[in-house]
Amino acid sequence: MNAHDTAPVPPPGCPAHGSGARVPLHGPEFAADPQAYYEYLRHYGAAAPVELAPGVEATLVTDYAAALQLLQDSGTFRKDARRWRAFNKGKVGPDSPVAPLLAYRPNCMFADGADHLRLRQAVTDSMARVDTRRLSRSTEQISGYLISQFAGRGSADLLGDYAKQLPLFVFNELFGCPADIGDRVLFGISGMFDGVNAEKAVEVLFQAVGELVALKRGKPGDDVTSWLMRHEAGLSDEEMVHQLALLLGAGAEPLRNLIGNTLHRLLTHERYAREGGLIDEALDDTLWENPPMSNYAPHYPAADTELAGQHLQAGDLVLVSFAAANTGPALRASRQAGSNRAHLAWSAGPHACPSKEPARHITVTAIEHLLNELPDVELAVPEDSLTWRPGPFNRALATLPARFTPARTGRRTEPLRPVAGEEPETPAPARPTERGGMWSQFLNWLTR
């Protein structure tokens, strides 16, 4: 057998086949079978040359140990995207489809050193104040409303009708958004991630969050926005806007995908249906094998360096493949040994997800409530007909069609009530001169 016989072969449809080009992480071929791409990328070693979008080059870390080294070494690998050499040289423009998630913003995700510690502490302290009972109550209330919108039909797209909307509604409630502002937050985040007039969506989102900050400066409440504002870090209005936009955007899309991917697993693996009561286990299995953020954690070497034998130049864009690291040989052995939560789906190091526990809680509550309300829900199409949204960062289905026995609509769970020690808040009504958006309609439904 010669060297040619053992050379790795790119997955079918991969433009890198035989060309020596970077391996593309965009397009329907990658979305259809990313694990085939990760297996091929491992032949490069711990890190591989990839293309995130046409003309956007990066190095993707696929090895667990190398990923941990990068994520925990904040001296060598920095988060400030103003170091991105290709962007600074004009090789990647602000209109690139990946720019909204990679370009610098003054928030804790793109900060290093003392700036990061200050902003991150404000975020983690504020999120830590979210009461679990309140979170359960809010999630169940919103779940009941969303289910009531399609229960009578006997069919639904569990992504578009449920998983996509629920996180946005929960965050609107936790962040204290009144009707008009909440409508625009939903519009902005949905458009930003769906790529539908994304530039306008980002503008709408930041304007709405700016108005929320101004509102809470004058009338603080018992919500994450007000807690963040009152934190000893003393965030300015601009810092407030960017931290809130980060929390709303970075929370909503991964949570949407986590709920959707876990529902997909429950509906397509007979073991869960046969044994029952395994939502937590299905969630962990999803985080291992189908994490909602597959490839992200952008970093930039502060100087020329090496990572696991790979030479990197200062300002190179380096990403971590959580999905590849989770399913590689090192973690496969760890998982078989019973370490069920050693995966990297929540990232690691100083920039690890600050909202892991609330995200788990919302996901389990949302799925549990859906299955209780629609106990015979099942996939409405063959599994192999489902399609996954293309893109280098997220792992998400385009749709998740389901069917079930039609149920009575209009049922409401217990109205949102403050827990002991909380001040009750009256949701602001929608503007009477405008047609209410989704958040306004929900608030009106609450008071029917």
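This briefing covers the overall make-up of the protein, then one residue and one helix. The model is predicted. The protein has 20 helices and eleven strands. Of its 448 residues, 54% are buried.

**The whole protein**
- The exposed surface comes to about 19800 Å². Carbon and sulfur atoms supply 51% of that area.
- Take the contacts between residues at least 6 apart in sequence. Of these, 72% join residues at least 24 apart.

**Residue T305**
- T305 sits in strand β7, which covers residues 305–307.
- The relative accessible area of T305 is 18%. Buried means under 20%, so T305 counts as buried.
- T305 and T76 are 229 residues apart along the chain. Their C-alpha atoms, however, are separated by 8.0 Å.
- T305 also touches T76. Leaving aside residues up to four places away in sequence, its other contacts are F77, Q310, H311 and L312.

**Helix α10**
- Helix α10 runs over residues 165–174.
- Ten of its ten residues are buried, so helix α10 is largely enclosed by the rest of the structure.
- The buried residues of α10 begin with Q165, L166, P167, L168 and F169. They continue with V170, F171, N172, E173 and L174.
- G176 follows α10. The phi of G176 is positive, near 75 degrees.

Conventions
Residues are numbered from 1 along each chain as its sequence is written. This is a predicted model: local features need pLDDT of at least 70, side-chain atom pairs count only at pLDDT 80 or more; totals for chains, interfaces and linings use all residues. Side-chain values use heavy atoms; hydrogens and water are left out. Helices (H or I, at least four residues) and strands (E, at least two) are DSSP runs, numbered from the N terminus. Buried means under 20% relative accessible area, exposed over 50%, partly exposed in between (1.4 Å probe, protein chains only). Contact means heavy atoms within 4.5 Å. Accessible areas come from the Shrake-Rupley method with a 1.4 Å probe; for residues, only the protein chains shown count as cover.
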